[in-house]
Amino acid sequence: TINANTQLQIKIKSNEDYNKITNLKIYRNGICLNSDNGYDELPNDNTNDLIFINVNTTKYIFNKGGIYTVEITDNFGRTLSYEFKFEKEIPTGVLVGVEHNGKTKDVVKFMYDKDKYFVVVNKDNNLYEPESSINDNISTLTFNPEEESVISYSIQLIDKLDTENYNIYKFIIKTIKPNITLYGVEPNGTTGANVYATWEVNEEQYTATYTLNGVTNEYRKGQVLTNEGNYTITLKDEIGNTNSVNFEIDKSIDFTIADVSGNTYGVEQIKYINFDVRIIANETLDIFVTKDNQEIDYEFGLMITEEGYYLVKLYDIYGNSFFFYFTIDKTPPVATLYGVENFGKTNSSAWICSPESNLTCWYVKDENYTNTYSIGQEITAHGKYIVYVSDLAKNIINFEFEIDREIAFDINTYRGGISSEPVKLVAYENLKIMMFRNEK
């Protein structure tokens with residue numbers, strides 16, 4: 001190849017004077033290029049020179065990529081075939097403001113070498129001529145965003161010397177703001193009720209925040225907002241299109257969740273628990289509780305002690321409401337120790353299996369080394385172990401065992417050496433000792 005891998009050059013040489021070429025054929029991708037009228041490599045270019053292939057011409061330059069086969073027949077009737085694979089560099093340009101196959105809400109520019117390439121641009125599958133400028137040999141195309149629109153662009157960058165060699169760049173400019181639907185209040189309105197917001201679910205990735213009295217937090221779709229204050233909910237898509245709504249909640253539900261010792265918890269802290277809790281009203285409230293989807297009688301201040309999945313609904317006299325759920329699980333997780341008995345010893349390995357999921361496991365080795373443990377993981381290293389298995393409600397069981405892969409003893413001479421003193425062997429565990437004298 002020559003000219004920075006943009007052209008293929010074929011030279012034909014004969015090393016002996018008596019060896020003459022009598023026939024010459026050149027093929028590209030299996031198609032013979034020989035023609036009495038000449039081979040027109042670029043039929044759309046009137047300035048292109050025809051290529052005549054004959055035995056009198058021993059040098060050829062081709063611009064198109066492909067597999068070239070040269071067949072030579074000499075005056076002895078011998079035919080030789082040579083094959084060349086010419087892979088041209090794919091035309092390249094520079095996208096600014098977006099990646100290939102990406103999305104943006106902002107201006108996009110595309111720069112390319114106009115001396116080497118030309119472009120065909122499509123806007124929503126229709127031919128389109130974008131705004132352009134030229135600096136030296138660099139052409140820059142500009143794609144401006146349009147209000148409240150989703151537009152797909154494709155740029156076909158084509159090699160001027162080989163129209164079969166091209167590259168395609170695609171991107172989307174989207175300026176449609178995400179739509180927020182409020183429940184419980186009108187935008188810019190005031191309410192004494194709970195408020196939540198939703199938005200359409202599609203392939204877009206959204207992030208949302210809410211600002212309460214100047215403090216911003218993450219917002220989850222459908223999350224119920226109950227606290228008093230001035231709110232702004234902001235929804236942003238993956239490319240930065242943003243929409244916001246404002247409203248005010250002027251009342252709140254005031255209650256407390258406490259355990260038997262008086263410790264208090266937020267609703268997020270009791271999603272999975274293994275202890276009793278009570279709900280205390282700090283204002284005039286109505287309460288409705290379901291356990292495992294069945295409504296139960298409950299009075300404020302009474303302890304909830306039975307295992308189950310609970311849904312709690314609270315209402316005040318102003319129409320404000322608050323719902324939350326939690327699970328009481330006092331049952332320890334089910335797990336089985338294999339390879340050794342609990343509190344036992346083995347010289348092999350041990351592992352723990354469980355039919356349950358969402359377990360957290362760890363072990364303590366030799367009373368000072370702690371590491372995470374995965375159910376089914378085989379433990380083989382020498383040491384004393386306590387393995388702990390915990391469920392989501394922090395019910396914990398443990399297994400204690402020892403893996404003994406060492407013999408504990410000492411000897412008062414170099415092992416395998418010679419001693420002039422009596423040899424003493426001290427066993428630090430119950431051992432069977434066999435001694436040999438003069439190998440007998």
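1. Before anything else, a term: a pocket is an open set of grid points where a 1.4 Å probe fits, with protein on both sides within 12 Å along at least five of seven lines. Keep in mind, too, that what you are looking at is a predicted model.

2. With that in hand, start with the largest pocket, which holds about 660 Å³ of space. It has 21 lining residues, and those closest to its centre are Val-224, Val-267, Glu-268, Phe-322 and Phe-323. Try finding these five in the viewer and you'll know where to look.

3. Who builds that lining? Strand E19 (207–212) and strand E31 (321–328) each supply at least two residues. The largest share, four residues, comes from E31. Sorted by class, the lining of the largest pocket has 13 nonpolar residues, five polar ones and three charged ones.

4. Now for the second largest pocket, with about 360 Å³ of space. Its lining is made of 17 residues, and Lys-13, Asn-19, Ile-72, Leu-80 and Tyr-82 lie nearest the centre. Strands E1 (8–11), E5 (66–74) and E6 (79–86) each give at least two residues to this lining. Here the classes come out as eight nonpolar, three polar and six charged residues.

5. Two of those strands, E5 and E6, turn up again in a sheet. Four strands form this open sheet, in the order E3-E2-E5-E6, and the pairing is antiparallel. Strand E3 (31–32) and E6 are at the edges with a single partner strand each, so one side of each has no neighbour in the sheet. As a reminder, strands of a sheet pair through backbone hydrogen bonds, either parallel or antiparallel.

6. Look inside the sheet next. Strand E2 (residues 21–28) pairs with E5 in the antiparallel sense over seven bridges. For a landmark, find Lys-25, which stands opposite Glu-71 in E5.

7. Thr-69 is another residue worth clicking on, and it lies in strand E5. Is Thr-69 buried or exposed? Its relative accessibility is 16%, and buried means under 20%, so Thr-69 counts as buried. Leaving out neighbours within four places in sequence, Thr-69 is in contact with Lys-25, Ile-26, Tyr-27, Ser-81, Tyr-82 and Glu-83.

8. On to the largest nonpolar core, which has 20 residues. Which of them touch the most other members? They are Phe-255, Ile-279, Ile-304, Val-312, Phe-324 and Phe-326. Two or more residues each come from strands E23 (255–258), E26 (277–281), E27 (285–291), E30 (308–316) and E31. E31 gives the most to this core, namely four residues. So you meet E31 here as well as in the lining of the largest pocket.

9. Take Ile-304 from that core as an example. Not counting residues up to four places away in sequence, Ile-304 touches Asp-276, Val-277, Ile-279, Tyr-298, Tyr-310, Phe-326 and Ile-328.

10. Last stop: Ile-328, which is found in strand E31. At 2% relative accessibility, Ile-328 counts as buried. Its contacts, with residues up to four places away in sequence left out, are Ile-273, Phe-275, Ile-304, Thr-305, Glu-306, Glu-307, Gly-308 and Tyr-310. Also try the distance from Ile-328 to Asn-274: these two are 54 residues apart along the chain, yet their C-alpha atoms are separated by 5.4 Å.

Key: Residues numbered from 1 in each chain as written. Predicted model: local features only at pLDDT ≥ 70, side-chain atom pairs only at ≥ 80, totals over all residues. Heavy atoms only, no water. 1 Å grid on protein atoms, 1.4 Å probe; cavity = no way out; pocket = protein on both sides within 12 Å on 5 of 7 lines; lining within 4 Å. Points joined across faces, edges and corners; volume = space filled by probe spheres on them. Nonpolar A, V, L, I, M, F, W, Y, C, P; charged D, E, K, R; others polar. Core = buried A, V, L, I, M, F, W, Y, C linked by side-chain atoms within 4.5 Å. Buried < 20%, exposed > 50% of the residue type's maximum accessible area, 1.4 Å probe, protein only. Contact = heavy atoms within 4.5 Å. Pairing = 2+ DSSP bridges.
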